[in-house]
Amino acid sequence: MNRESIAAHSHAKLEEITKRNLRRQLNPLDSPQGVEIVQNGVTLINFSSNDYLGLATHPALKEAAAKAAIDLGVGSGASRLVTGSLPIHSELEAVISEFKQTQAALTFSSGYAAALGTIPALVGKDDMIILDKLSHACLVDGARLSGAKVRVYKHNDMDQLEDRLRWARTTHPQANVLVVTEAVFSMDGDMAPLREMVALKQKFGVWLMVDEAHALGVVGKQGEGLALALGLNDQIDVQMGTLSKAIGSSGGYICGSRSMIDLLINSARSFIYSTAPPPPAAAAAISGITIMQSPEGLEKIRCLHDNTLCILKGIGLHATAAHVPAIIPVITGDESKALEVSQILKQRGFMIPAIRFPTVAKNAARLRITVSAAHRRDQIQKLIAQIREILC
Ligand SMILES: *Cc1c(COP(=O)(O)O)cnc(C)c1O
């Protein structure tokens with residue numbers, strides 16, 4: 001018999017979490033998400049969304065989703081491999097692979113599901129995965145689920161990655177080796193040195209997987225992501241991304257060679273055993289990617305870059321004009337300090353969450369500012385003034 005009821009067990013666990021300043025709660029909005037949100041009746045300027053281009057509430061995406069709901073229904077009814085595969089899913093995949101200049105693409109119900117299905121479909125227990133220490137939870141979980149031997153290297157440390165690769169090749173000469181990284185790191189806003197990584201990939205004859213969740217729609221003049229912006233498109237075996245952030249809709253994707261995508265259709269469990277994404281989400285994603293490539297989209301991307309550079313400069317952080325990510329971490333270290341600053345900013349009309357363990361390492365708590373093309377100059381100036389007053 002178990003020692004206590006599940007309710008009592010949960011209660012005790014939550015007490016522990018609360019004591020460590022790590023308790024989280026849901027705080028529903030009284031408004032749609034956007035650069036201005038209403039929470040508990042208070043209007044806040046929102047610097048916490050990943051809707052980098054403001055497309056999630058764009059009229060064209062809303063119309064595309066509404067039209068798809070009317071024409072095709074809300075649910076897909078079955079897995080893609082049963083009867084859930086609709087022309088709109090293939091159309092979305094064609095749009096993605098054309099934009100990313102790869103042979104093929106496959107969509108999943110989320111970016112999380114894409115990682116969880118893809119990594120175990122490509123490597124197994126006789127193989128090895130070498131992972132950046134700061135990789136997103138879905139990459140870590142996908143790696144664990146694969147059963148491959150997992151080794152971590154220090155964040156963006158190419159010497160250590162090379163050491164790991166040499167070790168992998170020496171100790172397991174027969175293994176397939178997959179190196180996994182994010183393009184733009186979700187909590188730090190810095191970028192993987194993809195050129196060096198590609199050179200190491202070639203030197204050791206391994207595979208490279210790059211998660212572009214925070215790079216798509218953000219990095220490069222056309223929001224094409226880091227791989228394409230650096231001209232490394234052909235060198236990256238597995239390109240992953242999400243349709244839920246800059247694209248403004250929902251869903252995840254993998255793109256790469258036709259044969260790899262066909263293998264995923266046959267072996268990625270989160271693809272096979274999950275209902276096809278809703279037609280409205282697919283329609284909105286097509287609309288999002290189309291707008292991104294239009295003159296309107298290019299203007300939004302330029303605006304996002306300007307807004308980000310303006311904040312970086314305003315709070316005294318180093319800014320380089322090439323490839324600016326839209327994530328700005330202001331590190332406080334201490335968990336309670338991060339919470340306190342976030343609370344003060346809220347009282348002054350800003351939504352900027354404190355990011356704490358386990359999302360980031362212990363004592364690396366931070367405020368995570370995310371910038372949108374939809375932020376106005378006056379909102380940005382106000383934010384800069386507040387951060388300087390509170391933290392400097
Ligand atoms: C958000 C995120 C994902 C997951 O994408 P969803 O579509 O939200 O499931 C994957 N990787 C990274 C780096 C992310 O930040």
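Colleague: What makes α2 and α12 a packed pair of helices in this model, and at what angle do they pack?

Modeller: In this predicted model, helix α2 (residues 59–72) and helix α12 (residues 279–293) pack at an angle of about 150°, with their axes 8 Å apart. Contact means heavy atoms within 4.5 Å, and A60, L61, A64, A65, A68, A69 and L72 in α2 meet P279, P280, A283, A284, S287, G288 and I291 in α12. The residues of this contact divide into 12 nonpolar, two polar and no charged, and the crossing of α2 and α12 is right-handed.

Colleague: How do you know that D211 and S244 make polar contacts with the ligand?

Modeller: A polar contact is a pair of N or O atoms within 3.5 Å. A polar side-chain atom of D211 lies 2.5 Å from a nitrogen atom of the ligand, and a polar side-chain atom of S244 lies 2.7 Å from an oxygen atom of the ligand, so both pairs fall within the cut-off of 3.5 Å. From the backbone, an N or O atom of G111 lies 2.8 Å from an oxygen atom of the ligand, and the protein covers 86% of the 380 Å² of accessible area that the ligand has on its own.

Colleague: Which residues come nearest to the ligand, and what kinds of residue form the shell around the ligand?

Modeller: Of the 15 residues around the ligand, D211, H214, T242, S244 and K245 come nearest. The shell divides into four nonpolar, eight polar and three charged residues, and α5 (111–122) and β8 (238–242) each supply at least two residues of it.

Colleague: Why is the bond between F357 and P358 called cis, and what is notable about the phi of N40?

Modeller: Most residues other than glycine have a negative phi, and most peptide bonds are trans. The peptide bond that joins F357 and P358 is cis, with omega about 5°, and P358 has its place in the loop between β12 (354–355) and β13 (365–370). N40 is not a glycine, yet has a positive phi of about 50°, and N40 lies in the loop between β1 (36–39) and β2 (42–46).

Methods
Residues numbered from 1 in each chain as written. Predicted model: local features only at pLDDT ≥ 70, side-chain atom pairs only at ≥ 80, totals over all residues. Heavy atoms only, no water. Axes fitted to C-alpha atoms, helices over the stretch in contact; angles between N-to-C directions. Helix = DSSP H or I, 4+ residues; strand = E, 2+ residues; numbered from the N terminus. Left-handed = near helix turned anticlockwise from the far one by under 90°. Nonpolar A, V, L, I, M, F, W, Y, C, P; charged D, E, K, R; others polar. Near = heavy atom within 4 Å. Polar contact = N/O pair within 3.5 Å; in protein donor to acceptor, adjacent residues only side chain to side chain. Areas by Shrake-Rupley, 256 points an atom, 1.4 Å probe, with all protein chains shown as cover.
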